[in-house]
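Got your viewer open? Here's a short tour, one selection at a time.

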Amino acid sequence: MAALLLVILILLPVATGAEPVHDSSALKAQSERTEPLTIGEVLARIELTHPLLRATGVERMEARAKILKALGAWEPTFKNRTEADRYQSWNFLAFVNTTTGGFNDSTIAMGHPWGFTVEGGIRNGFGDRTNEGAHALLANDGLLFWHNQQMIVGGSAHLLRGFMMNEEYADFQKAELAGPQAEIAVAQKRQDLYLAGAVQYWDWQVAVKQNDVQQRTLAVAEERYTQIEGQAKRGLSSPLDVIEATQEVQRRREAAIAAQRKVEYEQYKLSLFLWESGEPVTPRPEWAPEFQGETPLPTKEEVAAYKVEAKEDRPEVRELYIDAKLNNIDIKLAKNYLLPKFDFRGGQMDAGSDWNVGIGYRMESFFAMPLFQREGRGKVMYAEADQQQLAWKQLYTEQQVSVDVDNWLSAQVRARDRVTAATEALRLAKTLEEGERTRFNMGATTVLFVNVRERNVVAAAYELYRAQADYAVSRGGMLWARGALSKPWPQSELAKYGNPLTAAGMDGFKRPGRD
């Protein structure tokens, strides 16, 4: 009989509150921590350790790589060339004369972004060229220290198309803008992570508070069940009241389990914004602080200043400014294509007989002009069309950020009004609950009406916590609309939780030293 009772107890569901479930990351949390988790700490940890912010910071290194790649178009280049030649000549008497010789060239060539290149070096000859009586000629100009050593010079230049603006120089100017683009990308990612982390923080805070309400109401229902059960045994209550109390306990237990699951769901999502030693840290429910009170609403002058600040600091607007600069480069390059080609080159000739039979020099110019300029006009038209698109996008984006400020101001005002209304509704619900409970103790009402009043209190508390969270979100949304969240969190706060110099938001900065 005892064994059968033990089996029944094991198989039946145990009427206890749901215990929180923790994963490995939760076990790594500081179990001895007592201070609450603040929104400032959440944002500071995002700035210090978040992997996605560090991944975006790598774009700074990519920007530096683009500049190095563009500079390679004019990088000084050392060249070394060796050539050996052999010549045979016959006269009418069939005498054969053989001449051998060669040369070694060592030169350095470099270019300039404006479209010209220069080259210089030394040529050293060898072979019959250095022997007296050889059939090779001796050069008289450009000689250096020996009679078989000569100076080499040469160069080229774009005189019209390509002068001061060409494909290589345009690529370099665009590469220089990759650095500001990377900073804007980091600011955009920081802004998105800050806002997402703040919203998730307040959702977790609401879930913890709502779970506390459910656990307290469950304890009240269990206590009332015990009371009514005792009264029923003494004949003071009907069996239906016992069933009603039992049903309410089960209903509230199910709601408490769901609330506990909601806490665990929100805390795991919040852990993705709290990183330590390369792993997310799951916050504990006891770290949830109380909601802060109301703050004064911004004045009209402050709202106008916020709109000006948003048009300067929001990454979306700053990115359009960079796009406009890139478009200006494209327009300059396209207009340069409308010019005719007029190139100049000069220097020693590279011929097989250079050192044996004499030195050749060349001076050449090249002129070409398309008759209809279709390519150049097409490039200009395309760049100007992009410019018009950017102008409309800039107008829309600037108005959008202004509307964002008005929108979050409206959200803040309405959330504040909701908090006031929800607070009063909760006060009235508690008053009715206390009155109904007093009537029940006096026998003037039933347990059903008491349960209804208590459910109304729970619903009112839920609405109050949600309104308080929405008010906090609206305040953070106003910072987002102003562009304040795109800036790094203050170093005084970062220093409390890590080293600001190694923060994720600093990742990718160019380190001192040579390339």
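How do α8 and α9 lie relative to each other: parallel, antiparallel, perpendicular or oblique? Before you look, keep in mind that this is a predicted model. Now select residues 300-313 for helix α8 and residues 315-336 for helix α9. Their axes come within 5 Å and cross at roughly 50°. That angle falls outside the ranges for roughly parallel, antiparallel or perpendicular, so α8 and α9 are oblique to each other.

Stay here and show some side chains. On the α8 side, pick Ala310, Lys311, Glu312 and Asp313; they meet Pro315, Val317, Arg318 and Tyr321 in α9. Color this contact by residue type and you'll get 4 nonpolar, 4 charged and no polar residues.

Next stop: the surface. Select Phe78, Ile108, Met110, Trp114, Phe116, Val118, Phe163 and Met164, which make a nonpolar patch of about 740 Å². Which elements give two or more residues to the patch? They are β2 (96-111) and β3 (116-127). Click on Met110 and you'll be in strand β2.

Last, some charged pairs. Side chains of opposite charge can pair when their charged atoms come close. The structure holds 32 salt bridges, so let's visit one of them. Select Glu183 and Arg60: their closest N and O atoms are 2.6 Å apart. Now zoom out and trace the chain between them. Glu183 sits in helix α6 (residues 178-233) and Arg60 in helix α4 (residues 51-71). The two are 123 residues apart, and their salt bridge links distant parts of the chain.

Methods: Residues are numbered from 1 along each chain as its sequence is written. This is a predicted model: local features need pLDDT of at least 70, side-chain atom pairs count only at pLDDT 80 or more; totals for chains, interfaces and linings use all residues. Side-chain values use heavy atoms; hydrogens and water are left out. Axes are lines fitted to C-alpha atoms, for helices over the stretch in contact, and angles run from 0 to 180 degrees between N-to-C directions. Helices (H or I, at least four residues) and strands (E, at least two) are DSSP runs, numbered from the N terminus. Angles under 35 degrees count as roughly parallel, over 145 as roughly antiparallel, 65 to 115 as roughly perpendicular and the rest as oblique. Contact means heavy atoms within 4.5 Å. Ala, Val, Leu, Ile, Met, Phe, Trp, Tyr, Cys and Pro count as nonpolar, Asp, Glu, Lys and Arg as charged, and the others, Gly among them, as polar. Patches are made of residues with over 30% relative accessible area and no salt bridge: like charges are joined within 9 Å, nonpolar side chains (Val, Leu, Ile, Met, Phe, Trp, Tyr) within 5 Å. Accessible areas come from the Shrake-Rupley method with a 1.4 Å probe; for residues, only the protein chains shown count as cover. A salt bridge is a side-chain nitrogen of Lys or Arg within 4 Å of a carboxyl oxygen of Asp or Glu.
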